[in-house]
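Please open the model in your viewer and display the backbone as a cartoon. The tour below proceeds by selection, from the whole chain to a single side chain.

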Amino acid sequence: MRNETIITEITEIVKKLSTDNQRYFLTLVKVAAFAEDAAKKHEYYEKNKKSGTNQHHE
């Protein structure tokens, strides 16, 4: 449900923007998604580093 809400909100925001601003906004959304993924991987790495079971996680 959370993803559906986010997608709906993004869609409503994008509809209100000019074409140029739509591109900028979507770039920001992509950067935020990348940053979230990196933070999750870092958290996973740190958790496994402390427990001594560090394995590569993708």
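The stops that follow describe what each selection shows.

**The whole chain.** Begin with everything selected, bearing in mind that this is a predicted model. The protein has 2 helices and 0 strands. Colour the 58 residues by accessibility: 5% of them count as buried. The accessible surface amounts to about 5,400 Å², and carbon and sulfur atoms account for 58% of that area.

**Helix H2.** Select residues 19-51, which form helix H2. The 33 residues of this helix should span 48 Å at 1.5 Å a residue, and the end C-alpha atoms lie 49 Å apart, so the expected and modelled spans agree. Next, move to Gly 52, just after H2, where phi is positive, at about 80°.

**The helix pair.** Add residues 2-15, helix H1, to the view. How do H1 and H2 pack, in terms of angle and axis separation? The angle is about 155° and the axes are 10 Å apart. H1 is therefore roughly antiparallel to H2, the cut-off for that description being an angle over 145 degrees. The crossing of H1 past H2 is right-handed. To see the contact itself, show the side chains of Ile 10, Ile 13 and Val 14 on H1, together with Gln 22, Phe 25, Leu 26 and Val 29 on H2.

**Gln 22.** Finally, centre on Gln 22, a residue of helix H2. Its relative accessibility is 25%, so Gln 22 counts as partly exposed. Leaving aside residues up to four places away in sequence, Gln 22 touches Val 14 and Leu 17.

Definitions and conventions:
Residues are numbered from 1 along each chain as its sequence is written. This is a predicted model: local features need pLDDT of at least 70, side-chain atom pairs count only at pLDDT 80 or more; totals for chains, interfaces and linings use all residues. Side-chain values use heavy atoms; hydrogens and water are left out. Helices (H or I, at least four residues) and strands (E, at least two) are DSSP runs, numbered from the N terminus. Buried means under 20% relative accessible area, exposed over 50%, partly exposed in between (1.4 Å probe, protein chains only). Accessible areas come from the Shrake-Rupley method with a 1.4 Å probe; for residues, only the protein chains shown count as cover. The expected span of a helix is 1.5 Å times one less than its number of residues. Axes are lines fitted to C-alpha atoms, for helices over the stretch in contact, and angles run from 0 to 180 degrees between N-to-C directions. Angles under 35 degrees count as roughly parallel, over 145 as roughly antiparallel, 65 to 115 as roughly perpendicular and the rest as oblique. A crossing is left-handed if the near helix is turned anticlockwise from the far one by less than a right angle, and right-handed if clockwise. Contact means heavy atoms within 4.5 Å.
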